[in-house]
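Q: I'm new to this one, and I'd like a close look at how its pieces pack against each other. Please go step by step and explain the terms as you use them.

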Amino acid sequence: MVSTTFLNLNNEKKTRIQKALIDEFSSKPLAEAEVAPIVKQAGIARGAFYKYFDDLRDAYQYIYGLAMKSIHGRIDREVADNRFEPDFYVNQVTSFVDGVCQSDYRNLVKMHLRRNESLIDDQFDDVHLQGRQWAAMVLSHQVIKQILLNPKEKDVLVKRLQDVLTQLARERS
């Protein structure tokens, strides 16, 4: 877990380290990433890296978590009064993809989806979701992945998601 020492660094130094982490983890999968390029780019000692993070996996989880908070922070989190609204999910997918594409985290997220996704426990609090909401969440995440890996297919994939979610909405109406 990222240390409080790191969290309490001045913004300039913390930003340098974050940039180095983004660059390393955007260009190499976690299994091939190294501490040396990170500390060199950030201008810190190797020992400082281990003072801030337990290991590379810890550093990766920190920077990927930061990316998700930044991107998800622009997205509405809940549907009002628990209605199942297909447009809500389609808009969330579109907002997320657009947020990723407009952020400094684009290549990090793509590397995560291509090579690192199975190495990190993404914990979704989905046990409270009803069947349709759960299905919409699973489908939405899959569509996001497909769009980020194949951007030219965005319109087709979003339309397909819209069609499937509309069908799900009709089934219980």
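A: Let's start with the naming: helices (H or I, at least four residues) and strands (E, at least two) are DSSP runs, numbered from the N terminus. With that in hand, reading the chain from its N terminus gives α-α-α-α-α-α-α-α-α. That's 9 helices and 0 strands. Keep in mind that this is a predicted model, where local features need pLDDT of at least 70 and side-chain atom pairs need 80 or more, while totals for chains, interfaces and linings use all residues. Residues are numbered from 1 along each chain as its sequence is written, and side-chain values use heavy atoms, with hydrogens and water left out.

A bit of background before the packing itself. The chain has 173 residues, and 43% of them count as buried (under 20% relative accessible area with a 1.4 Å probe, protein chains only; over 50% is exposed, and in between is partly exposed). Now take contacts (heavy atoms within 4.5 Å) between residues at least 6 apart in sequence: 67% of those in the chain join residues at least 24 apart.

Now to the helices. Two packed helices are described by the angle between their axes and the distance between the axes. The axes here are lines fitted to C-alpha atoms, for helices over the stretch in contact, with angles from 0 to 180 degrees between N-to-C directions.

α6 is a good place to begin, as it packs with α8 at an angle of about 30°, the axes being 10 Å apart. That's why α6 and α8 count as roughly parallel (under 35 degrees; over 145 is roughly antiparallel, 65 to 115 roughly perpendicular, and the rest oblique). On the α6 side, the contact uses Y89, V93, F96, V97, V100 and C101, and on the α8 side Q133, A136, S140, V143, I144, I147 and L148. By type, the residues of this α6 and α8 contact come to 11 nonpolar, 2 polar and no charged (Ala, Val, Leu, Ile, Met, Phe, Trp, Tyr, Cys and Pro are nonpolar, Asp, Glu, Lys and Arg charged, and the others, Gly among them, polar).

α6, which spans residues 86-101, also meets α5, residues 56-72: their axes come within 9 Å and cross at roughly 125°. So α5 and α6 are oblique to each other. M68, I71 and H72 come from α5, while F96, G99 and V100 come from α6. Here the split is 4 nonpolar, 2 polar and no charged. Notice that F96 and V100 meet α5, and F96 and V100 are also among the α6 residues that meet α8.

α8 has another partner further along. α8 (residues 131-149) and α9 (residues 154-171) have axes that come within 10 Å and cross at roughly 175°. That's why α8 runs roughly antiparallel to α9. From α8 come R132, A135, A136, L139, S140, V143, Q146 and I147; from α9 come K154, L157, V158, L161, V164, L165, L168 and A169. This α8 and α9 contact holds 12 nonpolar, 2 polar and 2 charged residues. A136, S140, V143 and I147 of α8 take part here, and they are also among the α8 residues that meet α6.

A few single residues fill in the picture. D87 sits in helix α6 and is partly exposed at 47% relative accessibility. D87 and L165 are 78 residues apart in sequence, yet their C-alpha atoms are 8.4 Å apart. L165, remember, is one of the α9 residues touching α8.

Just past α6, S103 is in the loop leading to α7 (106-116). S103 counts as buried, at 14% relative accessibility. Its side chain reaches the backbone nitrogen of Y105 at 3.0 Å, a polar contact being a pair of N or O atoms within 3.5 Å; within protein, one must be able to donate a hydrogen and the other to accept it, and residues adjacent in sequence count only if both are side-chain atoms.

Back in α5 you'll find R57, partly exposed at 35% relative accessibility. Setting aside neighbours within four places in sequence, R57 is in contact with L30, L119 and I120. R57 and M1 are 56 residues apart along the chain, with 9.4 Å between their C-alpha atoms.

Close to that end of the numbering, S3 lies in the segment before α1 (4-7). S3 is buried, at 15% relative accessible area. A polar atom of the S3 side chain lies 3.1 Å from the backbone nitrogen of F6. Beyond neighbours within four places in sequence, S3 is in contact with K51 and Y52.
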